[in-house]
Amino acid sequence: MASGLGAQLQPDRADVFLSYSSADAQWVCTLKDTLQSRGIRVWMDQNEIRPGDLFAEALNQGIESCSCVLLVISPDAIRSQWVNVSAG
């Protein structure tokens, strides 16, 4: 694995938690694919939260399981309650 973020990772942990507005989901999916193609493990809500999960609890667990949070800032993200929660 190349040096950088991916080289510092621990097993069973995602490297990056993606925090974004659902209005930006298409662009963020492209970002996720690009990061993963470079060996970075990504936690993204639409891939990790299952039906029946408590959304806020799942977000908190996702954040805690990742090495860092990548906050995708856009006008929609600034207005998003969930992005503000994950940004802490």
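Buried means under 20% relative accessible area. Keep that cut-off in mind for this tour of a predicted model.

**Stop 1: the whole chain**

Start with a cartoon view of everything. The protein chain has 5 helices and 3 strands. Follow the chain from its start, and the elements come in the pattern β-α-β-α-α-β-α-α. Now colour by accessibility. Of the 88 residues, 36% count as buried. Contacts across the sequence are worth a look too. Take the contacts between residues at least 6 apart in sequence: 66% of them join residues at least 24 apart.

**Stop 2: the sheet**

Select β1 (14-19), β2 (residues 42-43) and β3 (66-71). They make an open sheet of 3 strands, in the order β2-β1-β3, with parallel pairing. Which strands stand at the edges? They are β2 and β3, each with a single partner strand, so one side of each has no neighbour in the sheet.

Hide β2 for a moment. β1 and β3 run parallel and are joined by 5 bridges. To find one of these, select Val16; its bridge partner in β3 is Cys68.

**Stop 3: an aromatic pair**

Bring β2 back and show the aromatic side chains. The structure holds 1 aromatic pair. Its members are Phe17 and Trp43, and the rings are stacked, at 4.8 Å centre to centre with 15° between the planes. Phe17 sits in strand β1 and Trp43 in strand β2, so the pair ties together parts 26 residues apart in sequence. Are these two residues buried or exposed? Both Phe17 and Trp43 are buried.

**Stop 4: Asp15 and Arg41**

Stay on β1 and select Asp15. Its partner is Arg41: the two form a salt bridge, with the closest N and O atoms 3.2 Å apart. This link also spans distant parts of the chain, since Asp15 lies in strand β1 and Arg41 in the loop between α1 and β2, 26 residues away. Check the accessibility of each end. Asp15 has a relative accessible area of 0%, so it is buried. Arg41, at 30%, is partly exposed.

**Stop 5: the loop after β1**

Move on to the loop between β1 and α1. Ser22 is found here. With 65% relative accessibility, Ser22 counts as exposed. Draw a distance from its C-alpha to that of Gln46. The two residues are 24 apart in sequence and 9.6 Å apart in space.

Asp24 lies in the loop between β1 and α1 (25-37). Which side chain of opposite charge is nearest to Asp24? It is Arg79, 8.3 Å away; Asp24 is buried yet has no salt bridge. Leaving aside residues up to four places away in sequence, Asp24 touches Ser74, Asp76 and Ala77.

**Stop 6: across to Ser74**

Select Ser74, in the loop between β3 and α4 (75-79). Its relative accessibility is 13%, so Ser74 counts as buried. The cut-off for that is under 20%. Display the side chains of Ser74 and Asp24 together. A polar contact of 2.4 Å joins them.

**Stop 7: helix α4**

Step into α4 and select Asp76 and Arg79. They form a salt bridge, and the closest N and O atoms are 2.9 Å apart. In helix α4 the two are 3 residues apart, so about one helical turn separates them. Arg79, at 61% relative accessibility, counts as exposed. Asp76, at 31%, counts as partly exposed. Asp76 is also one of the residues that Asp24 touches.

**Stop 8: Lys32 and Asp33**

Finish in α1, which covers residues 25-37. Select Lys32 and Asp33. Their side chains meet in a salt bridge (3.5 Å, N to O). Lys32 is buried, with a relative accessible area of 12%. Asp33, in contrast, is partly exposed, at 44%.

How many salt bridges does a search of the whole structure find? It finds 3. To view them together, select Asp15 with Arg41, Asp76 with Arg79, and Lys32 with Asp33.

Key: Residues are numbered from 1 along each chain as its sequence is written. This is a predicted model: local features need pLDDT of at least 70, side-chain atom pairs count only at pLDDT 80 or more; totals for chains, interfaces and linings use all residues. Side-chain values use heavy atoms; hydrogens and water are left out. Helices (H or I, at least four residues) and strands (E, at least two) are DSSP runs, numbered from the N terminus. Buried means under 20% relative accessible area, exposed over 50%, partly exposed in between (1.4 Å probe, protein chains only). Lys and Arg count as positive and Asp and Glu as negative; His and the chain ends are not counted. A salt bridge is a side-chain nitrogen of Lys or Arg within 4 Å of a carboxyl oxygen of Asp or Glu. Contact means heavy atoms within 4.5 Å. Rings of Phe, Tyr and Trp (its six-membered ring) pair if their centres lie within 6.5 Å; planes under 30 degrees apart count as stacked, over 60 as edge-to-face and the rest as tilted. A polar contact is a pair of N or O atoms within 3.5 Å; within protein, one must be able to donate a hydrogen and the other to accept it, and residues adjacent in sequence count only if both atoms are side-chain atoms. Two strands pair if DSSP finds at least two bridges between them.
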